[in-house]
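This report sets out the architecture of the model shown below. Please consult the sequence and the coordinates alongside the text.

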Amino acid sequence: MSSPAKVVPFRPERRPAPKRRRQRHAKRRAPGADPVSLESLARLWSRFYFAWHSEEVDEFGYDPKFTETVLPFFEFLYAVWWRVDASGIENVPRTGPALIVANHSGVLPWDGIMINLAVRHEHPARRACRMLALDMFALLPFLAPMLAQSGAVRANPENAERLLRKGELVGVFPEGVKGVGKRFKDRYKLARFGRGGFVRIALRTGAPIVPCAVVGAEEIHPALAQMSWLGKPLGLPYVPITPTFPLLGPLGFVPLPSKWSIEMGEPIPMDGYGPDGADDPMLVNRLSERVRTTIQGMIDERLAHRKSVWFG
Amino acid sequence: MRPGRIAVTGIGSFLGSRLLRRLAEKHGADRIVAVDVAAPPRGLAVRHREIDLAKPGSDQRLLESFRDEDVGAIFHAAFFTSPRRDTGYAHELESIGTLNLFAAAAAAGVGHVVLRSFTALYGASGQNPAFLTEDRPLQPDPSLRWARDKLEAEQHAASFTRRYPDMKVTVLRFAPLFGPKVQNFYTAIFDRRVVPVVMGYDPLLQLLHPDDALAAAEAALEKAPRGPINVVPKTPMPLLTAVHLAGRIPAPVPHALAYMIGDLLWATGLGAAPGAFAHYARFGFVADGERAQRELGFAPRNSSRDAVVAYMAYRKPRVAASRAEARA
């Protein structure tokens, strides 16, 4: 049974380059003398990268330095472009977990960023709100890393629960794709609120739900029709035709400067039902519907008083 | 102290060799048995059983060894951390070898087996939650034989756990190791000046410092918990941050081409990993370390960033020193 000794190495041994070669290398080229070497390029690139990225991010990928870099642009949109009128911000608890539930609209997730800014700038405690991003945004190349670095988190129950248990403020759009990609003729008609997942999370964690109505975002990219034939091969749930897209090419991505309002309603407490309430589908549906009608009511009231899309 | 000797397989792997040394220091060389085709390093007077796990009949020889040496616990680390081109041997060693090992361990009545596993087995996918817990099903890309063999090893472990409730089986799913003296495909990729990345993607990555990996392995041998446990660093970091921190140049490749180019490079012998590994550069596979904290009492000391910094200080002392100077 015993076989002769045979050594099978796990992997070919790879040693660092011999010293001799390294030293010659160093002699030939003083550090920084050769401006086009790969090494100096890497150094320059790294310096540029860390000028606007932190070396360490939080566990969900939030990068404070990156956010600081892009913030002025979003603040411009908030204050000048859309002149956001925030009200009821005091309904957001000063401390502890809470779930902000809002209507979703506007083709691209600008409304999430604006809700985030509203809480950040107008709430006395300057709370940060972690927005839950739809899969289609959270997995889209280029957009995905930017969303994660600016604090958004991919929307799934595990992530939401983890954030709430840490006592964070979480923002969610239960309408999902059906809301953000709805056509212009359906504007301000809330779509179905998913399957009530947000209520289950709130029940399990006992976090209150703060209803939030965003008015104005429906008009930034009025989707006249959908090109689903183009979306399918690109892996997108919708590609809209708007007055400016695709007619004006990249200019079509510039949102129209409508007047926005963001209103936070009275918080709906969830701790009275106990965590077992999450397993009661009737209760979940009832609460979900209650939140939906509350937001719809807030939107309708705001719309009734709105005189102009552009000036409010 | 636990009765019986501790056997370590895969002493040619980084983790196996370091653990062997550590255990020999802690318990005395005579209490440790190295089970491997390769001899333990000279100067380390541990017992040695020369057995090739991949060979038929190795289960019988393992059983004899475990009985002769009175083995009470096994750390099974005979796995390839990097993908290999001779997938046939890798399959025999990792999947069949694990089967042989568990069969022998069960027959010899070994009380505790620790299986070295990988968080990469969860699979990198856009559907993953930000933190993968141990009860998440393992779904690596089926075309990735590197992961499939290890998945089979875990399945063998699970089946023996069911059949032999007296045998405690701990599965340690380690995040990719990264640090001084580690050699795996991550270090191979980071040793090049230009690092290929997938354009438009920047997933969070967990890189585990070897010191933390060793501490967790030791804790697992000591506490003997049952079931899978993730061993992960303190915090993850974005892939591009790691690339820039290491002073490398990222070369973005569109994901439509990444898999093909990866396979092409792998086939020609230039690449460090097959194309399907591009998944791991697109999506995260960040695991949750809470269970390790609870059951092992293990709290990682290093973040992923610490691991990269330590590795660079080891590989490029000059560059690392100038960087540290610039920061100060």
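The following paragraphs treat chain B, a pair of its helices, two covered helices and the contact between the chains.

The structure is a predicted model. Chain B contains 12 helices and 11 strands. Its radius of gyration is 20 Å, close to the 20 Å that the globule rule gives for 328 residues, so chain B is as compact as a globular protein of that length. Along the principal axes, the C-alpha atoms of chain B fill a box of roughly 55 × 45 × 35 Å. Of the 328 residues in this chain, 56% count as buried. Among the contacts in chain B with a separation of 6 or more, 78% join residues 24 or more positions apart.

Within chain B, helix H3 (residues 87-108) packs with helix H4 (residues 145-163) at an angle of about 10 degrees, and the two axes are 9 Å apart. Angles under 35 degrees count as roughly parallel, and H3(B) and H4(B) are therefore roughly parallel to each other. On the side of H3(B), the contact residues include B:Thr87, B:His91, B:Leu99 and B:Phe102; on the side of H4(B), B:Arg145, B:Ala153, B:His156 and B:Phe160 are among them. By character, the residues of this contact divide into seven nonpolar, five polar and five charged.

Two further helices, one in each chain, are mostly covered. The table gives their extent and burial.

| Helix | Residues | End-to-end C-alpha distance | Expected span | Buried residues |
|---|---|---|---|---|
| H4(A) | 110-122 | 18 Å | 18 Å | 10 of 13 |
| H11(B) | 304-315 | 17 Å | 16 Å | nine of 12 |

For H4(A), the distance between the end C-alpha atoms agrees with the span expected at 1.5 Å a residue. The buried residues of H4(A) are A:Trp110, A:Asp111, A:Gly112, A:Ile113, A:Met114, A:Ile115, A:Asn116, A:Leu117, A:Ala118 and A:Val119. In H11(B), the distance from the first C-alpha to the last is close to the expected value. The buried residues of H11(B) include B:Ser304, B:Arg305, B:Asp306, B:Val308, B:Tyr311 and B:Met312.

Between the chains, 36 residues of chain A are in contact with 33 residues of chain B. Helix H2 (38-51), helix H6 (143-149), strand E4 (153-154) and helix H7 (157-165) of chain A each supply at least two residues of the side that touches chain B. The largest share, eight residues, comes from H2(A). The residues on this side of chain A divide into 20 nonpolar, five polar and 11 charged.

Key: Residues are numbered from 1 along each chain as its sequence is written. Chains are lettered from A and ligands numbered from 1 in the order in which they are written. This is a predicted model: local features need pLDDT of at least 70, side-chain atom pairs count only at pLDDT 80 or more; totals for chains, interfaces and linings use all residues. Axes are lines fitted to C-alpha atoms, for helices over the stretch in contact, and angles run from 0 to 180 degrees between N-to-C directions. Helices (H or I, at least four residues) and strands (E, at least two) are DSSP runs, numbered from the N terminus. Angles under 35 degrees count as roughly parallel, over 145 as roughly antiparallel, 65 to 115 as roughly perpendicular and the rest as oblique. Two residues are in contact if their C-beta atoms, placed from the backbone, lie within 7 Å. Ala, Val, Leu, Ile, Met, Phe, Trp, Tyr, Cys and Pro count as nonpolar, Asp, Glu, Lys and Arg as charged, and the others, Gly among them, as polar. The expected span of a helix is 1.5 Å times one less than its number of residues. A residue is buried if 20 or more other C-beta atoms lie within 10 Å of its own, exposed if 12 or fewer, and partly exposed in between; C-beta atoms are placed from the backbone. The radius of gyration is taken over C-alpha atoms; the globule rule is 2.2 Å times the number of residues to the power 0.38.
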